[in-house]
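Thanks for coming. I have one model to go through, so please look at the screen.

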Amino acid sequence: GEAWPGWLFYAAVHFHPNNPFWKDFEKLNSYVARVQSFLQSGKPSNDLLLYFPYSDRNNEPGKDMLHHFDGMEGFELSNFKNAGEQLLKDGYAFDFISDIQIRKLKNTGGKLQSGNAIYQTILLADVKAIPLETWQQLIQLAGNGATIIVYKNLPADVPGWNALEERENKFNTLKAGLQFKGKANEVQIASTGKGFFLMGDDLNELLLAAKIKRELLVDKSLQFVRREDNNGPLYFISNPTDKVINEWVPINVNAAGMALYNPMTEKSGLAKFKKIPASKSAEVLLQLQPFESVIIQTFKSARTGNFYPYEEVTGKPQKIEGEWKLSFISGGPVLPASTNVAAPVYWTTLRGDGVKIFSGTAQYSIHFKKPVHKNGVNAWVLDLGQVKESAEIFLNGKKLATVIGPSYRVTVAANLFLPGNLLQIKVSNGMANRIADLDKRGIVWKKFYNINFPARLAENRGADGLFTAINLQPQPSGLAGPVTLTPVVFIK
């Protein structure tokens, strides 16, 4: 019964029924669920264990009594952070590992086992202080056949004051037992038992010496997460760029079959791939829109079934033109009047104040003739162009899809088009414009539990020192197009 926007919690994104995005929120949830159905199965398939230098962080002087270990907080200028970023950039798959986890590691031949996951090596990135127990375990693991990589420098000391002299003596004795050989500007090697330590200033050379393979797909600006289940390795691959990917992409797996799953569009099927025998790897054909993602499931044996619907464009985009009807369906503070527009435009560009403070859902609709292509097509890609922020698409009364961006496209089978068609696009914006209107009218809406609402930027700070949206200009809302249809055929 509370007036809009209701009771809110300050430290949260407001996914609730008072947010216009609520009706399309299921699309985001479904995407996450599909991704996690793969990423929560199986086990990690990473090559490296990157030691997390907890003691180095604790040894840094400062006034903070409690450190937050979210991401790389506190390691901004460290070689630990630099190494982690380089590993990601160069396509090396790794997990962090703690002191306690290292003490539980087991040798598996020349590799290392943590739980049910197998790793090839541990990387210490310019660690300054390391617990004696951790150092003893690393020496033992190397003696049993493991490879330990030391980037930049060996640890110099042990942390803490308890029995310091005794622990330092044991630590230094173990360290002195490592006799590194090799030139100073090259990878140096210290053999110990069945394994060895590698040390140097060039991380790539160290990884090469340890025979760690990188995923070359990062050279195409792609990002990945790699896991493994009973079928074989699987990849979550995303395109974090504003460029379309339509090419063969290398992956480090010698598979007999592959399938693709698009967690946003729900497209799936057997992938086009080819083996690279010389490197025991493969290349898979990927088609990714900007910021789109896909899951690759590899198989140890050949598979049969439907093929993934790869698309080949066979003509230029055709703009859907004519008079559009714009109707406001739900939201507030009041519903603006319906109007006709010559082409799709953000409703915030129309005359009147009502459209500029409106947060909710509006429908853009148009009648158009069946698209024609002389060579015939399997489908048409309906592209909405610019949308703020999410949309439901209906063709002749049938819902085609919900699109939440950043690409607002849907592939429509050619047989769904009639001689005369009705396209309806229900677009929802965010809460910002209506919130700004409340502040401009002096209506109290910041009813938060346990805290006021501070402003991060000075320009958003009101006379009371709290956040205000009074200076916020209307955020673009609605459909700006152009809305186009592009003919495609499916290729195998």
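How much area does the chain expose, and what share of it do carbon and sulfur atoms supply? The chain exposes about 25,500 Å², and carbon and sulfur atoms supply 52% of it. Areas come from the Shrake-Rupley method with a 1.4 Å probe, and for residues only the protein chains shown count as cover.

This is a predicted model, where local features need pLDDT of at least 70, side-chain atom pairs count only at pLDDT 80 or more, and totals for chains, interfaces and linings use all residues. Numbering starts from 1 along each chain as its sequence is written, and side-chain values use heavy atoms, leaving out hydrogens and water.

Overall, the chain has eight helices and 31 strands; these are DSSP runs numbered from the N terminus, helices being H or I with at least four residues and strands E with at least two. The C-alpha trace spans about 85 × 65 × 40 Å along its principal axes. Of the 492 residues, 47% are buried, where buried means under 20% relative accessible area, exposed over 50%, and partly exposed in between.

Now Asp 90, in helix 3, residues 79–90. Is Asp 90 buried or exposed? Asp 90 is buried, because its relative accessible area is 12%. Leaving aside residues up to four places away in sequence, Asp 90 touches Asn 204, Arg 214, Glu 215 and Val 218, a contact being heavy atoms within 4.5 Å.

Last, Asp 202, in the loop between strand 10 (195–200) and helix 7 (203–209). With a relative accessible area of 40%, Asp 202 counts as partly exposed.

Definitions and conventions: Buried < 20%, exposed > 50% of the residue type's maximum accessible area, 1.4 Å probe, protein only.
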